Each structure stands twice: as structure tokens, then as C-alpha cells.
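Reader: I'd like to go through some of the labels on this one. Can you walk me through the reasoning behind them?

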Amino acid sequence: MPLREHLRELRRRVVLVALGLLVGAVGGWVLYEPVFHLLQQPILDVAEARGQRVSLNFQGVATAFDVQIKVSLFLGVLFTAPWWIYQLWAFITPGLTSRERRYAVGFLAVAVPLFFAGAALAWWALPNAVRLLTDFAPAETTNWVDAQLYLSFVMRVVLAFGIGFLLPVVMVALNFAGLVRARTWLTGWRWAVLVAFVFAAIATPTPDAVTMLAVAIPICLLFFAALGVCVLHDRRLDRRLVAQGLPRLDGTLPDEADTAPGAA
């Protein structure tokens, strides 16, 4: 596509994602009350275990309204995950053939569970994060927690984990679209591991190494699993091109061994 067509495609996908989020946010608005109680449960459980009093405080006249909008949008992102993940795939791979577009089914079948797995991992790590962050409050004291800051913190962590688990799937999508070779991902594996640990350190605001490793190690494993898929895909394409007497994806020409009868 020319640059102008890419920009038009981007605008179209952004509009579709926004419409989907709007529909999901309406559902989130309806479910605000039970979800609000669920989101505040980690800090309440920690306070109860320590015999402390903790209360979420809404500062300002319009704070409660702002919080409800944010929680509704957060739920909209969760509810419409298959929709905006598909739009991401459709933008990355607009030039695939009809046969290759069927990979979208596999892409969604892997990406959506991974996104929710990352969100579930964040929810599992949240009690430890809250426990460590509230450990500085003296005993028998009341901790007035700003509701907007606390809920923004919880929602940001959940979404960050979910999106982090999507990155390996984006790797495979870029490889299947012919934009990035597996060799490119392989040469940058050290940077990928470093980025995974830095991301885990930022996304988990607790100082313990266990929580950080619980986030970084799955991301690293997913990266190498995606790398393996990319390697297999490139080899299959190279064999197909060599069988037709064409250059490989990296531009090298098939040698006599490749074109000999019985060659793989």
C-alpha cells in the first residue's frame, strides 16, 4: 500500500475500534457496581487481615463520575478484546491472500486467550502488590486511599499485563505478513529478554523479585515460542520458493543441492 492508503486504513481501524469500545463501555456502565466492589476487594482483604481500616475516598464533586467512566472504558476494553485484536491483525496484514487471511482465525484463537491470561496473571499478582505498598501504614490506623488513583493503578496493571502477553502474537503476525524475518527476531533475542524484564519491573510496582519473575519468565517463553513458529514458517516458504527455482526470502539463490531430484 502507498503511505496514504496505510493512513486511511489506520483511520478506518481506529474508528472501528473506537465504536467497539463504545459499545463495550455501555455494558461496562451497567456492570459498574459489582465490578467496583470486585476491584477494591484486594485492598480490603489486606486491610482486614492486618486489622486496619481502609476506605476508598472520592475527592471532589465529579470524582465518582470520572471513576465510573474510567471503569466502564476499562470493561469495554476487556469485553471487546476479540474485536480490537482482530482490527490489529487486519491492519498489520492488509495485503494477504484469501488463503492467508484464514490465519486470522488462528491469530484470534491464540491472541485472545493470551490477553486474558496476562490479565489474570495481573489479578493474581495484585494482592501481593497491594500488601507490600500498604505495609508502611502503622498498625491501628486508617488509610484513606484515593479511589481514582487506586482504581487507575489496578486497571493499568491488568491492561499492561494483557498487552504484554500479546507481543509474541504480533511477532508472528509480522512474520506471516512478510515484514519481519525470523532471523531478525533471533538476532534481537537478548534485547527482547531485557525488555521483558524491564517491562515486568515497571508493570509490577512491588520490590520483590518473585512477582517480577512471574511476569517476565512467561513473556520470555512466549517470545521464544513465537520465534519457533516464525522459523518454521520461513523454512516452509523457503522450501516452496526453492522448489519453484526462485530466490529464498532473504534473496539468496537456490544451489544445486536444493534443485537436485529428491531434495527437501
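Author: Sure. Keep in mind that this is a predicted model. Let's start with Glu 9, which sits in helix α1 (residues 3–30).

Reader: What makes Glu 9 count as buried?

Author: Its relative accessibility is 13%, and buried means under 20%, so Glu 9 falls on the buried side.

Reader: Which residues does Glu 9 touch, leaving aside its neighbours within four places in sequence?

Author: Those would be Ala 90 and Phe 91.

Reader: On to the rings. How many aromatic pairs are there?

Author: Seven in the structure. One of them is Trp 84 with Phe 115.

Reader: Why is the pair of Trp 84 and Phe 115 called edge-to-face?

Author: The ring centres are 5.2 Å apart, and the planes stand at 90°. A pair needs centres within 6.5 Å, and edge-to-face needs planes over 60 degrees apart, so this pair earns the label. It also links distant parts of the chain: Trp 84 is in helix α4 (residues 81–92) and Phe 115 in helix α6 (residues 103–133), 31 residues apart.

Reader: Are Trp 84 and Phe 115 buried or exposed?

Author: Trp 84 has a relative accessible area of 16% and Phe 115 one of 0%. With the cut-off for buried at under 20%, Trp 84 is therefore buried, and so is Phe 115. Phe 115 also forms an edge-to-face pair with Phe 116, at 5.4 Å centre to centre and 75° between the planes.

Reader: Why is Phe 116 called partly exposed?

Author: Its relative accessible area is 36%. Buried is under 20% and exposed is over 50%, so Phe 116 lands in between.

Methods:
Residues are numbered from 1 along each chain as its sequence is written. This is a predicted model: local features need pLDDT of at least 70, side-chain atom pairs count only at pLDDT 80 or more; totals for chains, interfaces and linings use all residues. Side-chain values use heavy atoms; hydrogens and water are left out. Helices (H or I, at least four residues) and strands (E, at least two) are DSSP runs, numbered from the N terminus. Buried means under 20% relative accessible area, exposed over 50%, partly exposed in between (1.4 Å probe, protein chains only). Contact means heavy atoms within 4.5 Å. Rings of Phe, Tyr and Trp (its six-membered ring) pair if their centres lie within 6.5 Å; planes under 30 degrees apart count as stacked, over 60 as edge-to-face and the rest as tilted.
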